[in-house]
Amino acid sequence: MQIRNDLTAASLQPKIDKLWELSAEKIRLISTEYDNSKGTPVFTVNGKYTLRGWTEWTQGFQYGAEVLQYDVTGDPAFLDSAKKNTVNSMASHVSHFGVHDHGFNNVSTYGNLLRLMNEGRITENTWERNFYELALKISGSVQAKRWTDTRDGKGYIHSFNGPHSLFVDTIRSVRALMVSHLLGHSLMGENDVKTSLLEKGIYHSLATAKYSVYYGEGRDSYDLWGRTAHESVFNTNDGNFRCPNSQQGFSGFTTWTRGLAWAMTGFAEQLETLVQFSDDELIPLGGRAEIESIFLKAAKATCDFYIENTAADGIPYWDTGAPQLYKLGDYTSRTSDPYNDFEPIDSSAAAIGAQGLLRLGKYLNDKNEDGSRYWQAGLTALDALFAEPYLSANPTHQGLILHSIYHRPNGWDHITARQKIPNGESSMWGDYHAREVALYLHRINKGLPYYSYLGAVR
């Protein structure tokens, strides 16, 4: 990436305003055209959202987008729709023991609605507040129940692949555990044994930093500062780590950029979260200084890797070890090209990762350390992402951000006529995270309360 130091958050506001204008049109288009009885929309094919049977991990993005749209515009129609859809459709996600996606589905809906009530943007209503809080309390404990112990006496939330599997994605579901803990909830087990959700959330984050992120310290022949593995595989008999793997990336020894982006934003968010806890709470888990140093190392490493392995405009290709990527030559010195003949862009990774860059930059600046490199890198990526060919101005295309990839190894992504690789399509997670990072900057530019999932807690 060629970081632009001439950009400011304020200079991006016209592009942010345009994004919200288009976002409203896209939400209305999906509401009018998409048949929800078919299942949760996942990604577009020929510009129309369609489902993809796996797990319904994107429904929270669909309805969470309505909350974010109301947050910026104040249009009550989006809030009314978000409330109705959350009540009617999200209960199964709160009590879902079979997935690792509670942060995506429940923090994006119940959490955002409760945050707005805490800010006075939604009229105070005791029963409505109790409803949101109960959902978030249960979600955190249900998510923590998917637990695998590791040999060091700690452990991780296992992925939908089973107890042997730690996904890098799940760092963002730690939010569900932290909110539940801060609302006063715990995981209750046999014989009323109470387990701290703070403990589970910290241990999962430490496992992700230890096993999913590499630091150029010789763990294997391809160990690089900031490389990430999508999946870490464990022997569940003794809790030992066995090997890296990947489901949606090219291999366990290459970096799937969306997984990298989840880690960038997840660790930056958890750094911001630590201030919520007392030293006494953190001492049994390793202590504030130790935990902060591990999270900060992981956040810096992953953000550095992103900067070093992304096209000049800050938009990444789908995997930094993709087999045909060498045919693009030094792609990091040129503007990203979603219409090339060899490997697809994943714009959703840029939408997610930019938030991590901005949060890390601000975190360092607030501690009187120099975070400008990360902050400016975030602005650089968004300057490209919030403009064509990534921002979708086509009034018939339901997607907001174009050139997103879902599952390249499985061949699930649509390839249009006369193209050799997938491009021109959108995803629920890419569109939602573009809105989320746009809201983050919008609030900074307007002097509004800092946007954080912790806003769900008073």
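A cavity here is a set of grid points where a 1.4 Å probe fits but cannot get out. With that in mind, the largest cavity in this predicted model holds about 120 Å³ of space. Below is a quick tour of the empty spaces, one small sheet with the helix that packs on it, and a pair of aromatic rings.

**Closed spaces**

- Searching the whole structure turns up 4 cavities of 30 Å³ or more.
- The largest cavity has 14 lining residues, and Trp57, His100, Asp101, Asp169 and Gln248 are the ones that lie nearest its centre.
- Sort that lining of the largest cavity by class and you get 8 nonpolar, 3 polar and 3 charged residues.
- Next comes the second largest cavity, with about 100 Å³ of space.
- Its lining is made of 17 residues, with Val107, Asn112, Arg175, Tyr451 and Tyr453 closest to the centre.
- Four helices each give two or more residues to the lining of the second largest cavity: helix 5 (102-118), helix 7 (174-182), helix 12 (347-366) and helix 14 (428-446).
- Helix 5 supplies the largest share of that lining, at 5 residues.
- The class split for the second largest cavity is 6 nonpolar, 5 polar and 6 charged residues.

**The largest pocket**

- On the open side of things, the largest pocket has a volume of about 260 Å³.
- It takes 18 residues to line the largest pocket, and Lys154, Leu206, Ala207, Lys210 and Ile294 sit nearest its centre.
- Helix 8 (197-212) and helix 11 (288-308) are the elements that give two or more residues to this lining.
- Helix 8 gives the most to the lining of the largest pocket, with 6 residues.
- By class, the residues around the largest pocket come out as 9 nonpolar, 3 polar and 6 charged.

**A sheet of 3 strands**

- Look for an open sheet of 3 strands in the order 5-10-11, with antiparallel pairing.
- Strand 5 (165-167) and strand 11 (240-245) are the edge strands, so to speak: each pairs on one side only.
- From one strand to the next, the twist averages 25°.
- Strand 5 and strand 10 (residues 231-235) run antiparallel and are joined by 3 bridges.
- Within that pairing, Ser165 stands opposite Val233 in strand 10.
- Helix 8, which also helps line the largest pocket, packs on the sheet and touches strand 5, strand 10 and strand 11.
- The direction of helix 8 makes about 90° with that of strand 5.
- On the other side of the pairing scheme, 5 bridges join strand 10 to strand 11, again antiparallel.
- Glu231 has Asn245 in strand 11 as its bridge partner.
- Strand 10 and strand 11 make a hairpin with 4 residues between the strands, and there Gly239 takes a positive phi near 80°.

**Aromatic rings**

- The whole structure contains 22 aromatic pairs.
- Take Phe104 and Trp262: their ring centres are 4.7 Å apart and their planes are at 40°, so the pair counts as tilted.
- Phe104 belongs to helix 5 and Trp262 to helix 9 (residues 257-273), so this pair ties together parts that are 158 residues apart in sequence.
- Helix 5 is also the element with the largest share of the lining of the second largest cavity.

Methods:
Residues are numbered from 1 along each chain as its sequence is written. This is a predicted model: local features need pLDDT of at least 70, side-chain atom pairs count only at pLDDT 80 or more; totals for chains, interfaces and linings use all residues. Side-chain values use heavy atoms; hydrogens and water are left out. On a 1 Å grid over the protein atoms alone, a cavity is a set of points where a 1.4 Å probe fits but cannot get out, and a pocket is an open set with protein on both sides within 12 Å along at least five of seven lines; lining residues have an atom within 4 Å of a point. Grid points are joined across faces, edges and corners, and a volume is the space filled by probe spheres set on the points. Ala, Val, Leu, Ile, Met, Phe, Trp, Tyr, Cys and Pro count as nonpolar, Asp, Glu, Lys and Arg as charged, and the others, Gly among them, as polar. Two strands pair if DSSP finds at least two bridges between them. Axes are lines fitted to C-alpha atoms, for helices over the stretch in contact, and angles run from 0 to 180 degrees between N-to-C directions. Contact means heavy atoms within 4.5 Å. Rings of Phe, Tyr and Trp (its six-membered ring) pair if their centres lie within 6.5 Å; planes under 30 degrees apart count as stacked, over 60 as edge-to-face and the rest as tilted.
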